[in-house]
Amino acid sequence: MRILISAHDFSPNPSPQSLRITQLATELANGGFEIDVLTRTVGAGMQVQPEPIGVQVHRAAPGWLEAALDAVSTRLRRRTGRARDASEDERAAGSAKTAALLNWKGRWVLRLRAVVDAAVFPDGRSRWITHALREGRRLLLQRRPQVII
């Protein structure tokens, strides 16, 4: 049986949602199911990890603005030598302590993310849906899953 799982967060993102979906996909694949996962591209600062065995991961861009912010964040981290992941940024976005640790460019990116989140309902990450729908339609035609989660 072919199963398509659609989730914004997936490995290597260390969020709780990502951990649950990654574990679900891995266990289903271990049970003999053909698993496809539709998720966003790897965010800024995340280390690419091998995909779970038996799981095909298809990544869709989160939108031009989020992709640009990820690229800027990655470039800033390379220059400063800091290795933090995107979920850590999200958890600490409102923290004055975090803002104090960043240089002016890092604080600018943090503020820009906050503006995007405030302007787009429910938040800036929802812009992924447009690209995910396009990729999802392609996967439906190509892979023909029996179950969609």
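The legends below go with close-up views of a predicted model.

**View 1. The whole chain mixes helices and strands.** The chain holds 6 helices and 4 strands. From the N terminus, the elements run β-α-β-β-α-α-α-α-α-β. Of the 149 residues, 41% are buried. Take the contacts in the chain with a separation of 6 or more: 65% of them join residues 24 or more positions apart. The chain exposes about 8800 Å². Carbon and sulfur atoms supply 59% of that area.

**View 2. A cis peptide bond leads into Pro12.** Look at the bond from Ser11 to Pro12. Its omega is near 20°, and the bond is cis. Most peptide bonds are trans. Where does Pro12 sit? Pro12 lies in the loop between β1 (2-6) and α1 (16-30).

**View 3. The helix α6 has the span expected of its residues.** Helix α6 covers residues 128-143. How far apart should its ends be? At 1.5 Å a residue, the 16 residues of α6 should span 22 Å. That figure counts 1.5 Å for one less than the number of residues. The end C-alpha atoms of α6 are 21 Å apart, which agrees.

**View 4. Helix α6 has a buried side.** Which residues of α6 are buried? They are Trp128, Ala132, Glu135, Gly136 and Leu139. These buried residues cover an arc of only 115° around the axis, so they lie on the same side of α6. The spacing along a helix helps to explain such a pattern. An α-helix has 3.6 residues a turn, so residues three or four places apart point the same way. What covers the buried residues of α6? The cover includes β1, β2 (34-40) and β3 (55-60).

**View 5. The other side of α6 carries exposed residues.** Turn to Thr130, Arg134, Arg137 and Leu141. These four are exposed, on the other side of α6 from the buried set.

**View 6. Arg144 has a positive phi just after α6.** Arg144 sits in the loop between α6 (128-143) and β4 (147-148). Its phi is near 50°, a positive value in a residue other than glycine. Most residues other than glycine have a negative phi. Is Arg144 buried or exposed? Its relative accessibility is 53%. Exposed means over 50%, so Arg144 counts as exposed.

Note on methods
Residues numbered from 1 in each chain as written. Predicted model: local features only at pLDDT ≥ 70, side-chain atom pairs only at ≥ 80, totals over all residues. Heavy atoms only, no water. Helix = DSSP H or I, 4+ residues; strand = E, 2+ residues; numbered from the N terminus. Buried < 20%, exposed > 50% of the residue type's maximum accessible area, 1.4 Å probe, protein only. Contact = heavy atoms within 4.5 Å. Areas by Shrake-Rupley, 256 points an atom, 1.4 Å probe, with all protein chains shown as cover. Arc of directions from axis to C-beta.
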